[in-house]
Amino acid sequence: MMTSKPMPSLARRVINSLLMCLLVVKLCASFQSGRNVLPHGRSNSLAQNRHGTSLAAGLFGKKEQDEPSSSTTQPQAAAPIPTRLFNIPAKSIKPGGMRVVLGFSLIGMQNTPDQGSWKANQSSDTVLDMVFRDNSAMFSITLGEDGISVDRYGTPSLPYLLQESVILHSVLDEIDSIANEGDAEAQDRLLQLEEEGDAIEEARSTLPARRA
């Protein structure tokens with residue numbers, strides 16, 4: 001009976017090195033493809049002059065914005081004109097805390113209704129973005145000194161409009177919980193709404209679909 005000769009150690013080392021190189025290349029390609037989804041927090045068709053960062057990174061103070069190249073200076077595209085969806089006036093607001101709470105909420109909704117439906121980004125310390133997977137449109141939540149405003153950018157598709165409504169109803173639930181639930185004193189809350197009127201229900205009435 002013939003027995004196979006053991007592979008020389010040098011040949012084994014060469015083959016192992018080649019396999020390791022292939023593994024590294026695949027990992028790098030996967031990482032790069034995941035990172036390059038909307039690198040500026042928006043699709044190119046929505047806005048090219050507004051930089052953003054991964055929302056999960058931004059919540060913890062880590063900024064990953066691309067630095068402009070000094071050797072290839074290009075003119076900035078005009079800022080897109082948003083559509084105001086609703087505004088919630090506030091007596092007082094703590095933007096840092098609100099950014100964290102709403103940010104975690106948006107991260108948790110990125111896979112609603114399906115995996116990868118939304119991409120959450122942080123454009124600044126007071127602006128959170130949610131971009132839909134078809135890149136037709138997105139909405140921004142701005143935490144201002146006198147309240148919370150939500151604007152839409154782009155030309156929304158029908159699937160976008162239906163899913164935007166579902167997400168924004170959940171956002172309004174979170175805002176209502178922050179402002180009204182629990183036994184914290186008013187001055188200790190992250191958000192105090194104006195006493196007159198019901199801004200949250202008025203905001204719900206602007207959405208095209210009923211609450212899920």
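Is Arg133 buried, partly exposed or exposed in this predicted model? With a relative accessible area of 45%, Arg133 is partly exposed, because the buried class ends under 20% and the exposed class begins over 50%. This residue takes part in a salt bridge with Asp114, in which the closest N and O atoms are 3.4 Å apart. The pair joins distant parts of the chain, since Asp114 lies in the loop between helix 3 and strand 3 while Arg133 lies in the loop between strand 4 and strand 5, 19 residues apart. Asp114, at 38% relative accessibility, also counts as partly exposed.

From Arg133 we can turn to strand 4 itself, which is mostly covered, with six of its six residues buried. In a regular strand the side chains alternate between the two faces of the sheet. In strand 4 both faces are covered, with Val127, Asp129 and Val131 buried on one side, and Leu128, Met130 and Phe132 buried on the other.

Strand 4 has a partner on each side of it in the sequence. With strand 3 it pairs in the antiparallel sense over six bridges, and these two strands form a hairpin with two residues between them; within this pairing, Trp118 stands opposite Phe132 of strand 4. With strand 5, strand 4 again pairs in the antiparallel sense, here over five bridges, and Leu128 stands opposite Ile141 of strand 5. The hairpin of strand 4 and strand 5 has four residues between the strands, and there Asn135 takes a positive phi near 60°.

Ile141 leads us on to the interior. Leaving aside its neighbours within four places in sequence, Ile141 is in contact with a list of residues that includes Leu102, Leu106, Val127, Leu128, Ile148, Val150 and Val171, and also Thr126 and Ser149. In soluble globular proteins, nonpolar side chains tend to be buried together. Here the largest nonpolar core has 33 residues, and Ile141 is, along with Phe86, Phe139 and Leu191, among those with the most contacts inside it. Several elements each give two or more residues to this core, including strand 2 (83–93), helix 3 (95–108), strand 3 (118–124), strand 4 (127–132), strand 5 (137–144) and helix 4 (158–180). The largest share, eight residues, comes from helix 4.

How many salt bridges does a search of the whole structure find? There are five, and the bridge between Asp114 and Arg133 is one that we have already met. In another, Arg84 is joined to Asp151, with the closest N and O atoms 2.5 Å apart. This pair also links distant parts of the chain, because Arg84 belongs to strand 2 and Asp151 to strand 6, 67 residues apart. The two partners sit in unlike surroundings, for Arg84 is partly exposed with a relative accessible area of 48%, whereas Asp151 is buried with a relative accessible area of 6%.

A further salt bridge stays within a single element. The side chains of Glu201 and Arg204 meet at 3.4 Å, N to O, and both residues lie in helix 5, three residues apart, which is about one turn of the helix. Glu201 is partly exposed, with a relative accessible area of 42%, while Arg204, at 10% relative accessibility, counts as buried. Salt bridges that share partners join Asp173, Glu201 and Arg204 into one network.

Methods
Residues are numbered from 1 along each chain as its sequence is written. This is a predicted model: local features need pLDDT of at least 70, side-chain atom pairs count only at pLDDT 80 or more; totals for chains, interfaces and linings use all residues. Side-chain values use heavy atoms; hydrogens and water are left out. A nonpolar core is a set of buried Ala, Val, Leu, Ile, Met, Phe, Trp, Tyr and Cys residues joined through side-chain atoms within 4.5 Å. Buried means under 20% relative accessible area, exposed over 50%, partly exposed in between (1.4 Å probe, protein chains only). Contact means heavy atoms within 4.5 Å. A salt bridge is a side-chain nitrogen of Lys or Arg within 4 Å of a carboxyl oxygen of Asp or Glu. Two strands pair if DSSP finds at least two bridges between them.
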